[in-house]
Each structure stands twice: as structure tokens, then as C-alpha cells.
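Please load the model in your viewer and keep a selection box at hand. The tour below goes from stop to stop, saying at each one what to select and what can be found there.

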Amino acid sequence: MTTSSSERGVGLGMPELPPPAYPDDVRARLERDAREVIARYPDSRSALLPLLHLVQSEEGYVTRTGMKFCADVLELTTAEVTAVATFYTMYRRRPSGDYQVGVCTNTLCAVMGGDAIFETLQEHLGVGNGETTGDGKVTLEHIECNAACDYAPVVMVNWEFFDNQTPASATRLVDDLRAGEPVEPTRGARLCTFKETARILAGFPDDRPGAVAEGGSAGAASLVGLRLAKGEAHPARVVHPRDGGPHEEEPVHDPSPSEHLSSHDAPQDTSASDPAHPAGPSAEEGE
């Protein structure tokens, strides 16, 4: 005796209906923008990433309609577009807030207070990871390293940096965002909405007066290593023992630009560079 799929509790489901089309005026505008983006690349499919940002700027996330549009203008399959859109976390797959608040919870930020910040914001906003507040203003998420470990713990809002945060400062930040108060990043241009950010990431200019000049550059802490690499050494510091016990001060030596700052970057004698010690096993195999 055989049983039907319904008796076994197996739902076969129905094929998903095609996504709705963009209104004609929206489609025409997006096609015009898409042509500008595609013209930047020798191979049209290379334009897929910025085009996904473009459709994200329309609705605040990458919809099935947006993916179908990208597939049409690039002559790709929707499966190819979907594979890319679902791979990168910068593309949202569901409606999200005007401000994407990301708390770095990778190793260094976490131990410096990132975990505490994230937990505080979840409780304060009443949302979980990837969820949006009821007013549609803030989407909270924990994020991986944003290469700002020298300013840990770091919070990012629409990919702009807010350095050296604490639970209290991060709480004030989201409160100001929800209240519509002006918020200035630690580094970079003043904030705009997530849709506006997505359009900029698609490669279109930021037309806000003065915004480009506000972009700035790397912070001072990030440039220390570069200055050291160039020989622009700071005066050496004597680090006292952790236990605070007695110690003897040693003469401080400031290396000249011609000196190596570390034994790690000085040429080393190795078996490959020393003729008296050629590379290779010291004995025949089996001895």
C-alpha cells in the first residue's frame, strides 16, 4: 500500500510567481542609470555589483524585482544574479531601516567592549540581530572586522565610522538617529540614509554640498605603522613591568632613518643566501 505525499506530510508547493515589474517611469530611470554604470566596464557582467547597489537604492533592499532587472540588463540568468546578491552581506534581502547600525563583534572589538555594546543596543532598541525598530529608522546587526581595530570598539552607521564607542555613547547615537538629530561620524562625510548610501556605492556622485571634502582619510592611529615604515620613528618608550616592580632604566636609542626598526625587516642569513650552508637536507633520505 502506498501513501500520497500529503499523507506523508510532504508539501510539494507551487512554483513561485514571477516578480512584479517596476512601474514604467522607474524602469526607464533605472535603465538610464544602468547604461551609465555598464559603460564603465569592458565586460558588462562586471557591472553586477554596482547594479545591485543601484536597485537597493530604489527600495532599500534587493528585491526579486531588482534582481530580475539586473538579469535583464546584463543578459544573465536570475540564478546568477541571486547567487551574488545572497553571497554578500552588504545587499539586504528584506526591508530595513534608514540607518544600518553595525556593531563590530570580531575579536578585538569584542574584548574591548563590542559585545557589551551590542547587547545594550538590543535591549535598548528592543530588536535582535538583523531586525529593524518599529519606526523604520534603525536596523541593528553585528558585523565582522571593518579594519578599524586601532579604534576598537567600532560602530558603523551606513558604513561610516564611529570610533572608540561605549554602551552609553552608542545608546546616545541610536537615540539621535531615531530623533532626527544631526550626527557626525568620527571620520568621513556626514551621514545620509541607507538608500542614498547605496546610490553612492553604485558609483554615482555624492551631490551634497561639501560632502566630498568631508571624506577625509585614515585616522592618526592608523598611520603610525606607515610612518614607522618610512623611518619616521617616534621617540622610543620604556615600558615598565606590569607588576610595577623595580626596574632599571636603559638608555633610549632613537633609530636613524637608515637603520632597520626591527630585526624582522633586516636581511637575515639563511640557507638560501649563505653559500657555506646550502639549502637541502643534511642527510640522504633513509639515513
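One convention is needed before the first stop: when the angle between two axes is over 145 degrees, the pair counts as roughly antiparallel. Please also bear in mind that this is a predicted model.

**The whole chain**

Begin with the whole chain in a cartoon view, where the secondary structure comes to 8 helices and 5 strands. Followed from the N terminus on, the elements run α-α-α-α-β-α-β-β-β-β-α-α-α. Of the 287 residues of the chain, 31% count as buried, and among the contacts with a separation of 6 or more, 61% are accounted for by residues 24 or more positions apart.

**Helices H2 and H7**

Next select residues 48–59, which form helix H2, together with residues 194–201, which form helix H7; the two pack at an angle of about 160°, with their axes 8 Å apart. H2 and H7 are therefore roughly antiparallel to each other, and their crossing is left-handed. Showing side chains here brings up His53, Leu54, Gln56, Ser57, Glu58 and Glu59 on the H2 side, which meet Phe194, Lys195, Ala198, Arg199 and Leu201 on the H7 side. The residues of this contact divide into 4 nonpolar, 3 polar and 4 charged.

**Helices H1 and H2**

Keep H2 in view and add helix H1, residues 24–38. The axes of H1 and H2 come within 10 Å and cross at roughly 155°, which makes H1 roughly antiparallel to H2. From H1, the contact is made by Val26, Arg29, Leu30, Asp33, Ala34, Val37 and Ile38, and from H2 by Pro50, Leu51, Leu54 and Glu58. These residues divide into 8 nonpolar, no polar and 3 charged. The crossing in which H1 passes H2 is right-handed.

**Helix H3**

Which residues are buried in helix H3, residues 64–74? Selecting that stretch and colouring by accessibility should bring out Thr65, Gly66, Met67, Phe69, Cys70, Ala71 and Leu74, which are buried. The buried residues of H3 pack against H1, H2 and helix H4, residues 78–85. Just after H3, stop at Glu75, which takes a positive phi of about 55°.

**The nonpolar cores**

Now turn to the largest nonpolar core, which has 24 residues, and select Leu51, Leu52 and Val81, the ones with the most contacts inside it. The elements that give two or more residues to this core are H1, H2, H3 and H4. Centre the view on Leu52, which, not counting residues up to four places away in sequence, touches Val62, Cys70, Val81, Val84, Ala85 and Tyr91. Apart from the largest core lies another core, of 19 residues, among them Tyr99, Val138, Ala170 and Val174, and selecting these four shows where to look for it.

**The loop after H7**

For the last stop, where does Arg208 lie? Arg208 is in the loop between H7 and helix H8, residues 224–229. Leaving aside its neighbours within four places in sequence, Arg208 is in contact with Ala189, Arg190, Leu191 and Cys192. Draw a distance line from Arg208 to Cys192, C-alpha to C-alpha, and the two are found 9.5 Å apart in space, while in sequence they are 16 residues apart.

How values were computed
Residues are numbered from 1 along each chain as its sequence is written. This is a predicted model: local features need pLDDT of at least 70, side-chain atom pairs count only at pLDDT 80 or more; totals for chains, interfaces and linings use all residues. Side-chain values use heavy atoms; hydrogens and water are left out. Axes are lines fitted to C-alpha atoms, for helices over the stretch in contact, and angles run from 0 to 180 degrees between N-to-C directions. Helices (H or I, at least four residues) and strands (E, at least two) are DSSP runs, numbered from the N terminus. Angles under 35 degrees count as roughly parallel, over 145 as roughly antiparallel, 65 to 115 as roughly perpendicular and the rest as oblique. A crossing is left-handed if the near helix is turned anticlockwise from the far one by less than a right angle, and right-handed if clockwise. Contact means heavy atoms within 4.5 Å. Ala, Val, Leu, Ile, Met, Phe, Trp, Tyr, Cys and Pro count as nonpolar, Asp, Glu, Lys and Arg as charged, and the others, Gly among them, as polar. Buried means under 20% relative accessible area, exposed over 50%, partly exposed in between (1.4 Å probe, protein chains only). A nonpolar core is a set of buried Ala, Val, Leu, Ile, Met, Phe, Trp, Tyr and Cys residues joined through side-chain atoms within 4.5 Å.
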